[in-house]
Amino acid sequence: MTAYVPAKGEFVRDRSRGRVGRVMDRAGARFQLRPIGGGVEWEVDPADLEPVPVSTVLSEHVAELNRRSGRPF
């Protein structure tokens, strides 16, 4: 089985943390992800990455915007 290798800018799920992020770069064998709404990047092993559908990205983005607005939805 070949490992999933995302492209720079692609949104992926980090299964080890249960988070979705955008691939910003690669440092050696690990990928650097940034949260959808921005923030501090984190590194993840490629074995823990999986692609996510656009609907998941949009849902995560809306949830982040709602958290920032302080409005309960």
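Contact here means heavy atoms within 4.5 Å. The structure is a predicted model: local features need pLDDT of at least 70, side-chain atom pairs count only at pLDDT 80 or more, and totals for chains, interfaces and linings use all residues. Residues are numbered from 1 along each chain as its sequence is written, and side-chain values use heavy atoms, with hydrogens and water left out.

**Strand β3 and Gln32**

Gln32 lies in strand β3. Leave aside its neighbours within four places in sequence, and Gln32 is in contact with Arg22, Val23, Met24, Asp25, Arg26, Ala27, Glu41, Trp42 and Glu43. Val44 sits 12 residues from Gln32 along the chain, and their C-alpha atoms are separated by 6.5 Å.

**Overall layout**

The protein chain holds 1 helix and 5 strands. Its order along the sequence is β-β-β-β-β-α. Helices (H or I, at least four residues) and strands (E, at least two) are DSSP runs, numbered from the N terminus.

| Property of the protein chain | Value |
|---|---|
| C-alpha trace span along principal axes | about 45 × 25 × 20 Å |
| Exposed area | about 4,800 Å² |
| Distance between centres of positive and negative side chains | 5 Å |

Carbon and sulfur atoms supply 54% of the exposed area. Areas come from the Shrake-Rupley method with a 1.4 Å probe; for residues, only the protein chains shown count as cover. There are 12 positive and 10 negative side chains. Lys and Arg count as positive, Asp and Glu as negative; His and the chain ends are not counted. Each charge is placed at NZ of Lys, CZ of Arg, CG of Asp or CD of Glu. Of the contacts with a separation of 6 or more, 36% join residues 24 or more positions apart.

**The cores**

Buried residues (under 20% relative accessible area, 1.4 Å probe, protein chains only) make up 27% of the 73 residues. A nonpolar core is a set of buried Ala, Val, Leu, Ile, Met, Phe, Trp, Tyr and Cys residues joined through side-chain atoms within 4.5 Å. The largest has 7 residues: Val12, Val23, Phe31, Leu33, Trp42, Val44 and Leu49. β3 (30-35) and β4 (42-44) each supply at least two residues of this core. Another core, of 5 residues, lies apart from it and includes Phe11, Val20, Val52 and Val57.

Val12 has contacts beyond four places in sequence, among them Tyr4, Pro6, Val23, Leu33, Leu49 and Val52.

**Thr56 in the helix**

Thr56 is in helix α1 (residues 54-69). Thr56 counts as buried because its relative accessibility is 18%. Beyond its neighbours within four places in sequence, Thr56 is in contact with Arg13 and Val20.

Terms used. Buried < 20%, exposed > 50% of the residue type's maximum accessible area, 1.4 Å probe, protein only.
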